Amino acid sequence: MIVELARDGTLVRSDPWVHLPGHSVTLSPRENALAEKLQPLIEAGRFNPPWVRDLAGTLKAPEDDVRQVLRKQVTQGALYQVVHDLFYDRKCVAELATVITTLAQEHGTVEAAQYRDAVGLGRKRAIQILEFFDRVGHTRRMRDARVLRADSGWRAG
């Protein structure tokens, strides 16, 4: 039904979001100023960006304000929320997805240890990222490994 409504223009699809034409999430001038300070900090963290509490501390801004702006940026498509209070830049997530795709093509599956070594993170963070890709439909967990989903609608970048 969503595909039909999107085809005839009744709905618009923006990555995982579905909305009416003309509807978009916007930032107030104050939120936009905060977003402009947050984005470079998140980008600089690459595969290990700072947590919301660290971003708030660095910018001396209330955590709730930082969290709200970051969630709006997720809806706008600039960021992805990997776990609660941990946001990744869109380009970085595309790189992380490419690593999974490459490993899966080379080995058939992707194990946490392989992924951890490939991205240079600890096991806990690597698993958080793998679970994110399971949630968004890029991969599926099968026992202790991940496989790429043939029916994946995942698009990053």
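**Notebook: Leu148, helix α5 and two loops**

I started at Leu148 and listed its contacts beyond four places in sequence: Ile100, Thr101, Ala104, His138 and Thr139. I note that the model is predicted.

Next I looked up where Leu148 sits. Leu148 belongs to strand β7, residues 145–148. Is Leu148 buried, exposed or partly exposed? Its relative accessibility is 30%, so I logged Leu148 as partly exposed. I then checked one of its contacts, Thr101. The two C-alpha atoms, of Leu148 and Thr101, are 7.1 Å apart, with their positions 47 residues apart along the chain.

**Helix α5**

Ile100, Thr101 and Ala104 took me to α5, which covers residues 90–107. I read 18 residues for α5 and a reach of 26 Å from the first C-alpha to the last. That is close to the 26 Å expected at 1.5 Å a residue.

I checked both ends. At the start of α5, a side-chain oxygen of Asp89 comes to within 3.1 Å of the backbone nitrogen of Lys91. After α5 comes Gly108, with a positive phi near 90°.

Which residues of α5 are buried? I wrote down Arg90, Cys92, Val93, Ala94, Leu96, Ala97, Val99, Ile100, Leu103 and Ala104. Ile100 and Ala104 are in that buried set, and both touch Leu148.

**α5 against α6**

I then turned to helix α6, residues 112–119. The axes of α5 and α6 lie 10 Å apart and make an angle of about 130°. An angle that is neither under 35 nor over 145 degrees, and lies outside 65 to 115, counts as oblique; α5 is therefore oblique to α6. I recorded the crossing of α5 and α6 as right-handed. From α5, the contact uses Leu96, Val99, Ile100, Leu103 and His107. From α6, it uses Gln114, Tyr115, Ala118 and Val119. Ile100 thus appears twice in my notes: in the contact with α6 and in the list for Leu148.

**Positive phi outside glycine**

Most residues other than glycine have a negative phi. I looked up two that do not follow this.

Asp85 has a phi near 70°. Asp85 sits in the loop between β3 (79–83) and β4 (86–89). With a relative accessible area of 12%, Asp85 is buried.

Arg143 has a positive phi of about 60°. Its loop runs between β6 (139–142) and β7. Is Arg143 buried or exposed? Its relative accessible area is 78%, so Arg143 is exposed.

How values were computed
Residues are numbered from 1 along each chain as its sequence is written. This is a predicted model: local features need pLDDT of at least 70, side-chain atom pairs count only at pLDDT 80 or more; totals for chains, interfaces and linings use all residues. Side-chain values use heavy atoms; hydrogens and water are left out. Helices (H or I, at least four residues) and strands (E, at least two) are DSSP runs, numbered from the N terminus. The expected span of a helix is 1.5 Å times one less than its number of residues. Buried means under 20% relative accessible area, exposed over 50%, partly exposed in between (1.4 Å probe, protein chains only). A polar contact is a pair of N or O atoms within 3.5 Å; within protein, one must be able to donate a hydrogen and the other to accept it, and residues adjacent in sequence count only if both atoms are side-chain atoms. Axes are lines fitted to C-alpha atoms, for helices over the stretch in contact, and angles run from 0 to 180 degrees between N-to-C directions. A crossing is left-handed if the near helix is turned anticlockwise from the far one by less than a right angle, and right-handed if clockwise. Contact means heavy atoms within 4.5 Å.
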